[in-house]
Amino acid sequence: MGLRPDEISALIKEQIKHFDDIIELKDVGTVMTVGDGVSLIHGLDNAMLGELLAFPNDVYGMVMNLDEDCVGAVLLGSESTIKEGDEVKRTGKIMEIPVGDEMLGRVVNPLGQAIDGNGEIITAHTRPIERVASGVMTRKSVDQPLQTGITSIDAIIPIGRGQRELIIGDRQTGKTAIAIDTILNQKDQDIYCVYVAIGQKNSTVAQIVEKLRKGGAMEYTTVVSASASELAPVQYIAPYAGCAIAEEWLDQGKDVLIVYDDLSKHAVAYRTVSLLLKRPPGREAYPGDVFYLHSRLLERACRLNEENGGGSITALPIIETQAGDISAYIPTNVISITDGQIFLQQELFNAGFRPAIDTGLSVSRVGSAAQIKAMKQVSGSLKLELAQYAEMQAFAQFGSDLDAATKATLDHGAKVREVLKQAQYSPRTVSTQVITLFALKYGFTKTLEVEQVAAFMDQLVEHINMTQRDIIDEINEQKAISADLEKRMKDVMSAFVTQFEKTQTKG
Ligand SMILES: Nc1ncnc2c1ncn2[C@@H]1O[C@H](COP(=O)(O)OP(=O)(O)OP(=O)(O)O)[C@@H](O)[C@H]1O
């Protein structure tokens with residue numbers, strides 16, 4: 001960093017002049033350079049990493065580099081009013097964001113300011129955006145399901161409260177759709193949600209907020225948005241700010257779901273900031289600590305034990321891949337940090353299999369610990385059946401003469417896939433999922449054509465809802481299928497199959 005001699009002598013003269021009040025001097029610095037959202041400041045010897053600095057005209061900056069002779073800070077506001085020689089004051093605080101129930105239903109920027117036009121948000125508390133994740137002794141294992149309302153996830157890749165499950169896939173494969181459906185499905189579940197949009201178009205965020213509002217989900221949701229037009233440092237702090245909002249509820253013993261959409265753009269924002277701060281670039285020009293960037297964020301998701309309030313933060317980070325390459329730098333990093341991933345495939349999406357979840361590559365390391373017993377009873381063999389189907393389908397393309405067993409496996413596999421197809425914004429209740437998977441497991445779809453399966457399942461669920469409420473109540477209350485319930489369900493279903501077939505032949 002080349003300093004001009006006259007500048008140095010001016011600074012030294014200034015220091016000598018104020019020799020007596022040297023302590024105060026250390027809390028006020030001078031802007032040496034400013035540009036590209038980054039400023040180098042001389043004279044802030046006591047500045048802390050992550051500390052908020054006050055620039056003139058109400059612009060704030062955050063300390064990111066502590067060098068020998070200067071401090072590097074990123075600006076969280078417009079740099080156009082800041083010039084060389086300006087005074088910069090330490091605030092002694094690290095960046096904080098307002099938190100509390102007042103944030104529900106609101107759309108805010110990563111600084112906690114409302115951007116939904118519904119007035120200022122006044123909260124009783126604020127929280128630092130960075131916090132050390134809860135320790136080992138305060139945690140408990142994940143054993144309570146977080147229902148997404150999407151059958152393929154709840155049945156095959158179940159998510160538990162306190163888990164970190166990555167949603168990964170190419171662009172336009174339905175990643176956001178899964179996250180939004182999950183938020184919509186938390187209605188009346190006593191779960192608060194935080195949706196963090198990083199580097200997205202403002203119009204996309206507006207559409208999502210509208211969907212959430214229409215679905216009644218904004219009542220328990222806060223949206224934190226750092227759009228594509230925001231400065232890189234603002235995008236960089238967005239997920240930490242969202243997490244701080246969630247942690248306030250966590251400490252009150254509540255269950256919270258947080259979606260980071262998406263962390264690829266977050267990594268890019270961090271890369272921009274790091275390169276501007278002249279940190280050495282590493283692989284793909286990301287700085288060396290890019291792994292720590294996401295691990296310290298996702299580690300804040302947890303399930304606390306009873307002594308610590310028993311709350312949880314479930315995190316659904318989203319990562320966008322290029323041409324399905326999950327072995328790229330950022331995707332592998334985040335895969336290694338999370339407790340499983342939901343992998344979305346472009347081919348499946350284009351073939352009309354939506355949500356386009358590749359059940360072979362998707363896993364949940366918490367697994368069936370996060371499922372109710374009834375779901376375990378009906379979904380145990382699904383993953384295997386789908387794998388067998390995929391394998392046999394590949395073979396069946398070559399031969400026309402198939403034996404009966406292969407034909408049956410193929411037919412069943414096709415029907416399983418049919419049941420797992422689900423439109424956007426139509427989350428299914430647990431009882432609906434259990435009933436449909438029960439019908440599949442016990443072969444009530446055997447006599448039907450694949451094309452009839454979707455209609456059959458819809459009508460079956462409606463029929464049970466209208467005439468056999470006790471079955472639904474029992475699934476919801478007992479959360480298991482007893483021998484007696486199994487018999488009753490089989491009776492109802494076999495009667496319904498006959499009735500369904502009759503209406504079909506008539507039609
Ligand atoms: N289950 C579904 N059924 C039908 N359409 C769907 C389904 N899921 C997503 N879509 C549609 O697919 C498109 C892409 O979805 P979405 O925006 O969620 O994908 P994305 O992967 O998050 O995209 P981006 O790369 O822009 O972030 C949208 O138009 C959405 O309506």
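Start by selecting aspartate 188, which sits in the loop between helix 4 and strand 11 (191-198). Keep in mind that you are looking at a predicted model. Aspartate 188 has a positive phi of about 60 degrees even though it isn't a glycine. What's the usual picture? Most residues other than glycine have a negative phi, and most peptide bonds are trans.

**Stop 2: two cis peptide bonds**

Since we're on backbone oddities, go to aspartate 261 and aspartate 262. The peptide bond from aspartate 261 to aspartate 262 is cis, with omega near -5 degrees. Colour aspartate 262 and you'll find it in the loop between strand 13 (255-261) and helix 7 (263-276).

Now jump to arginine 354 and proline 355. The peptide bond joining arginine 354 to proline 355 is cis too, with omega near -5 degrees. Proline 355 belongs to the loop between helix 10 (346-350) and strand 16 (363-364).

**Stop 3: the domains**

Zoom out and colour the chain by domain. The domain assignment gives domain 1 (15-93), domain 2 (97-370) and domain 3 (377-502). How far apart are the C-alpha centres of domain 1 and domain 2? They lie 32 Å apart. The contact uses 11 residues from domain 1 and nine residues from domain 2. On the side of domain 1 that touches domain 2, select strand 4 (60-66) and strand 5 (71-75): these are the elements giving two or more residues. Sorted by class, that side of domain 1 has six nonpolar, four polar and one charged residues.

**Stop 4: around the ligand**

Next, select the ligand and show its neighbours. Which of the 14 residues around the ligand come nearest? They are Arg171, Gly174, Lys175, Thr176 and Ala177. Now highlight helix 4 (residues 175-184), which gives the most to this shell, with three residues. Keep your domain colours on here, as the shell takes at least three residues from each of domain 2 (97-370) and domain 3 (377-502). Recolour by class and the shell around the ligand shows three nonpolar, seven polar and four charged residues.

**Stop 5: helix 12 against helix 13**

The last three stops are about pairs of helices. Two packed helices are described by the angle between their axes and the distance between the axes. Keep both values in mind as you go.

Select helix 12 (residues 382-396) together with helix 13. Their axes come within 9 Å and cross at roughly 120 degrees. That angle is why helix 12 counts as oblique to helix 13. Is the crossing of helix 12 and helix 13 left-handed or right-handed? It's left-handed. Show side chains for the contact: helix 12 brings Leu382, Glu385, Leu386, Gln388, Tyr389, Met392, Gln393 and Ala396, while helix 13 brings Thr406, Thr409, Leu410, His412, Gly413 and Val416. Split by class, the residues of this contact of helix 12 with helix 13 are seven nonpolar, six polar and one charged.

**Stop 6: helix 13 against helix 15**

Leave helix 13 (residues 404-420) selected and add helix 15 (residues 453-467); the two axes come within 9 Å and cross at roughly 55 degrees. Because of that angle, helix 13 is oblique to helix 15. Helix 13 passes helix 15 in a right-handed crossing. Pick out Lys415, Glu418 and Val419 in helix 13, which meet Val453, Ala454 and Met457 in helix 15. The residues of this contact of helix 13 with helix 15 include four nonpolar, no polar and two charged.

**Stop 7: helix 14 against helix 15**

Finally, hide helix 13 and bring in helix 14 (residues 430-441), whose axis comes within 10 Å of the helix 15 axis and crosses it at roughly 120 degrees. Helix 14 and helix 15 are therefore oblique to each other. The crossing of helix 14 past helix 15 is right-handed. Which residues of helix 15 meet helix 14? Met457, Leu460, Val461 and Ile464 do, and their partners in helix 14 are Thr432, Ile435, Thr436 and Ala439. By class, the contact of helix 14 with helix 15 has six nonpolar, two polar and no charged residues. Take a second look at Met457 of helix 15: Met457 is listed in the contact with helix 13 and also in the contact with helix 14.

Notes: Residues numbered from 1 in each chain as written. Predicted model: local features only at pLDDT ≥ 70, side-chain atom pairs only at ≥ 80, totals over all residues. Near = placed C-beta within 6 Å. Helix = DSSP H or I, 4+ residues; strand = E, 2+ residues; numbered from the N terminus. Nonpolar A, V, L, I, M, F, W, Y, C, P; charged D, E, K, R; others polar. Domains from an automatic or database assignment. Axes fitted to C-alpha atoms, helices over the stretch in contact; angles between N-to-C directions. Parallel < 35°, antiparallel > 145°, perpendicular 65-115°, else oblique. Left-handed = near helix turned anticlockwise from the far one by under 90°. Contact = placed C-beta atoms within 7 Å.
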